[in-house]
Amino acid sequence: MNTLILDGSPRDARGASGRAIASALADEARSRGHAVAAFSLDERTIKPCLGCFACWVKHPGACAIEDDQAPVLEAMARADMQVWITPLTFGGYSQALKKSLDRCLPNILPFFEMRRGEVHHPPRYTRRRRLLVLGTAARPDAEAEAVFHRVVERNALNLDSVGTLSIVVPDGPGDGLMGRVSEFFRAAEEDR
Amino acid sequence: MNALLIIGSPKGRSSVSCALGRALTGRLAALGAVVEEITVAEALRSPEGRERLVRAADGADVVALSLPLYVDQLPAPLIEALELIAAGRRERPAAAPAPGPTGPRIVAIVQCGFWETHQNRPAAEIVRQFAREAGFVWAGGLIMGAGGALAGRSLDKAGGMARNAVRALDLAAASLAAGGLVPDKAVSLMGKPLMPRWLYHLAANWGFKNLIKKNGARGRTYDRPFA
């Protein structure tokens, strides 16, 4: 099973919890026999998407920008399970994670299709995939957490994820997190 | 009244977001507001640009944030811009009075290439959360589906399909200029479809096929470089 871990934590002290979670999840996945591709996004040079659509209409499937996003795109195309880690940022994702996700247009097709009653873009790579999104929070904020879970729901629909889990973890040791994650991993493994 | 338009589209002043944002701030200017306009791309290009953005946000009575939906949220550079503004207001508490009916207000204008207006909701909720955390009054979200149909034109040139958006922006501008929030009626009008879904799909799919053909990429449309 191919597992992709995208850590969108900032490089500074604010990202300590996220980095620790990313490392623990990578260890857990490897111990279960997954092939793990892990990226610390804030340490990579990933430029923002220009919205040029060249990846759809000029050289389909390939981004016009040449930078550190290319291996992320390839790992996304091959992933059976994606794990995203981010500090809650106004209820959404960090700029590091978002920059990488914004650059995923090459992995979808430009056309529209109906999915669960709404319009979405079909995937370029038709692998069944699962999505686990972990948000770290410096302090409890019920409104921000509610926004976060709704955003993940929308992402799951857009990605056509076959199984999705979003969890908000208070900054710190992440007590009890691995149990919930293990269950999610097990379901993904049984699905294959 | 000072109004600030922040254009959150990476396409800057040629974007649908700019056209919609200007449609609101143009109305505010006609009602007496002094309007400043900043694109996120320009602001993030230099330390001076960042400082200008933070100062402009601090000095505005109304901030209009106009953006395209990117992967169900805000485009990444706009997140960076909002973090800068929030950090600036935390450092200078005097610039960030507690939210109340007379505080600086923020309105989000969000549009997407999907037909359904509701796909923009999480992005508007993120801006609302930003308002909470940065000490702005949340004035409301004007969200619109099928933004691609406007193709960057000003609303005045978009014809009858933009009539509901025009009325929405008239109502919103009048209320904001009077010190109020975005009325529910404006939100509802802005969310009305610009055209039937079948027609939008037909036009969008034809448009992409045409662009692919023009670029000589027809045989490679479904390429999978990582397969």
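Helices here are DSSP runs of H or I with at least four residues, numbered from the N terminus. With that in hand, Ser188(B) can be placed in helix H7 of chain B, residues 184-190. Please keep in mind that this is a predicted model.

**A look at Ser188(B)**

Is Ser188(B) buried, partly exposed or exposed? Its relative accessible area is 39%, and because partly exposed covers the range between 20% and 50%, Ser188(B) counts as partly exposed. Ser188(B) and Ala123(B) are separated by 65 residues in sequence, and their C-alpha atoms are 17 Å apart in space.

**Two residues with positive phi**

Each chain offers a backbone detail worth a visit in your viewer. Phe90(A) is not a glycine, yet its phi is positive, about 55 degrees. In chain B, Ala146(B) is likewise a residue other than glycine with a positive phi, near 55 degrees. The table sets out where they sit and how accessible they are.

| Residue | Loop | Relative accessible area |
|---|---|---|
| Phe90(A) | between strand S3 (81-87) and H4 of chain A | 6% |
| Ala146(B) | between strand S5 (137-144) and helix H6 (163-177) of chain B | 1% |

Why do Phe90(A) and Ala146(B) count as buried? The cut-off is under 20% relative accessible area, so Phe90(A) at 6% is buried, and so is Ala146(B) at 1%.

**Where the chains meet**

Now to the interface. Here 51 residues of chain A are in contact with 48 residues of chain B. Between them the two chains bury about 4500 Å², and carbon and sulfur atoms account for 60% of that area. Phe90(A) returns at this point: together with Phe111(A) and Phe112(A), Phe90(A) supplies 19% of the area that chain A buries against chain B, more than any other three residues.

There is a charged and polar side to the contact as well. How many salt bridges are there between chain A and chain B? The count is 3. In a salt bridge between the chains, the side chain of Asp141(A) meets that of Arg132(B), at 3.1 Å from N to O. Across the interface, 24 residue pairs are in polar contact, with both residues at pLDDT 80 or more.

Which elements of chain A each supply at least two residues of the side that touches chain B? They are helix H2 (54-57), helix H3 (70-78), helix H4 (95-102), strand S5 (118-120) and helix H5 (142-159). H5(A) gives the largest share, 8 residues. By residue type, the side of chain A that touches chain B divides into 23 nonpolar, 15 polar and 13 charged residues.

Conventions. Residues are numbered from 1 along each chain as its sequence is written. Chains are lettered from A and ligands numbered from 1 in the order in which they are written. This is a predicted model: local features need pLDDT of at least 70, side-chain atom pairs count only at pLDDT 80 or more; totals for chains, interfaces and linings use all residues. Side-chain values use heavy atoms; hydrogens and water are left out. Contact means heavy atoms within 4.5 Å. Buried area is the accessible area (1.4 Å probe) that two parts lose on being put together, summed over both. A salt bridge is a side-chain nitrogen of Lys or Arg within 4 Å of a carboxyl oxygen of Asp or Glu. A polar contact is a pair of N or O atoms within 3.5 Å; within protein, one must be able to donate a hydrogen and the other to accept it, and residues adjacent in sequence count only if both atoms are side-chain atoms. Ala, Val, Leu, Ile, Met, Phe, Trp, Tyr, Cys and Pro count as nonpolar, Asp, Glu, Lys and Arg as charged, and the others, Gly among them, as polar. Buried means under 20% relative accessible area, exposed over 50%, partly exposed in between (1.4 Å probe, protein chains only).
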